[in-house]
Amino acid sequence: MTEVANSVPSLTIHTSESAMNEFVKAAESVIAKALDQFSLAELGVAMNGGKDCCVVVALLQRYLKEDFKKLVFFYFPDEDPFPELEEFITSECGLLGVPLHRTSTSDYKQGLWEIHNKTKIKAVFMGTRSSDPYAGKDEFAPCTAGWPPLVRVFPILHWEYNHVWSYIRKHDVNVCSLYKEGYSSLGSKSLTEKNPLLRLPDGGYRPAWELDDAETERTGRSPSRH
């Protein structure tokens, strides 16, 4: 358990246990469907260290148990990373006992080609949710022309912000320490600030799981310059 996981006292945005169970079952159904279509060696995990990714990793670990380590974990290095996030990704993969493949480029398209050619994966588990920019409506989304022949798999596509933090709290999922410091969404360092809606009168910040309005999750994120 991490300091972050242990220090979550409550969620401002509550999700009932029965409702949460249904979201977990739906995510596990997506995982099961992926396993019906691909072998473990053909399945990759995009390890970006964000809270959504951490939940997907936790779901996969609970569902697959020891077979979890047969998945291919990879990471696109950011050109302007948070050192805390980089350290978390390395540390977490060490704790999980899985090797991490780092691409030589931060470009997603080139990076995916690199991983595909190196490992021969055919599908990738990702932490994308429907509220993310450019997210689609389907849990299984083949890459478009010009990209590697991969299927992107989104187990928590229809989860919302409160579902993510409810799962993290209940299962003591490890997450990056930046979420405790007022960041509710993480991107490149120069394009990401603490969420001003979490600011306290004394100038400090509440942690991400105390955000009152899930619709403001990405407040503090600037559009990518790319």
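## Exercises on a predicted model

The sulfur of Cys143 lies 17 Å from the closest cysteine sulfur, that of Cys53, which is too far for a bond. Keep in mind as you work that this model is predicted.

**Exercise 1. Find how many disulfides the structure holds, and look at Cys143 and Cys176 along the way.**

Step 1. Start with the cut-off: a disulfide needs a pair of cysteine sulfur atoms within 2.5 Å.

Step 2. Try Cys143. Its closest cysteine sulfur belongs to Cys53 at 17 Å, so a bond is ruled out. Cys143 counts as buried, because its relative accessibility is 16% and the limit for buried is under 20%.

Step 3. Now take Cys176. The nearest cysteine sulfur sits in Cys54, 8.2 Å away, and Cys176 is in no disulfide. With a relative accessibility of 1%, Cys176 also counts as buried.

Step 4. Finish with the search of the whole structure, which gives 0 disulfides.

**Exercise 2. Describe how helix 3 and helix 6 are arranged, and work out which residues make their contact.**

Step 1. Locate the pair: helix 3 covers residues 51-64 and helix 6 covers residues 161-171. Their axes come within 10 Å and cross at roughly 50°.

Step 2. Classify the angle. Under 35 degrees would be roughly parallel, and 65 to 115 roughly perpendicular; helix 3 is therefore oblique to helix 6.

Step 3. Add the handedness: helix 3 passes helix 6 in a left-handed crossing.

Step 4. List the contact. Helix 3 brings Lys51, Asp52, Val55, Ala58, Leu59 and Arg62, while helix 6 brings Tyr161, Val164, Trp165, Tyr167, Ile168 and His171.

Step 5. Sort these residues by type: 8 are nonpolar, 1 is polar and 3 are charged.

**Exercise 3. Place Asp80 and Thr128 in their loops, and decide for each whether the residue is buried, partly exposed or exposed.**

Step 1. Asp80 is found in the loop that runs between strand 2 (72-75) and helix 4 (83-96). Its relative accessible area is 26%, so Asp80 is partly exposed.

Step 2. Check the surroundings of Asp80. Setting aside residues up to four places away in sequence, Asp80 touches Ser188, Lys189 and Ser190. Ser106 is 26 residues from Asp80 along the chain, and their C-alpha atoms are 9.8 Å apart.

Step 3. Turn to Thr128, in the loop between strand 4 (123-125) and strand 5 (140-142). Here the relative accessible area is 19%, so Thr128 is buried.

Step 4. Name its partners: neighbours within four places in sequence aside, Thr128 is in contact with Ala135, Phe154, Ile156 and Leu157.

Definitions and conventions. Residues numbered from 1 in each chain as written. Predicted model: local features only at pLDDT ≥ 70, side-chain atom pairs only at ≥ 80, totals over all residues. Heavy atoms only, no water. Axes fitted to C-alpha atoms, helices over the stretch in contact; angles between N-to-C directions. Helix = DSSP H or I, 4+ residues; strand = E, 2+ residues; numbered from the N terminus. Parallel < 35°, antiparallel > 145°, perpendicular 65-115°, else oblique. Left-handed = near helix turned anticlockwise from the far one by under 90°. Contact = heavy atoms within 4.5 Å. Nonpolar A, V, L, I, M, F, W, Y, C, P; charged D, E, K, R; others polar. Buried < 20%, exposed > 50% of the residue type's maximum accessible area, 1.4 Å probe, protein only.
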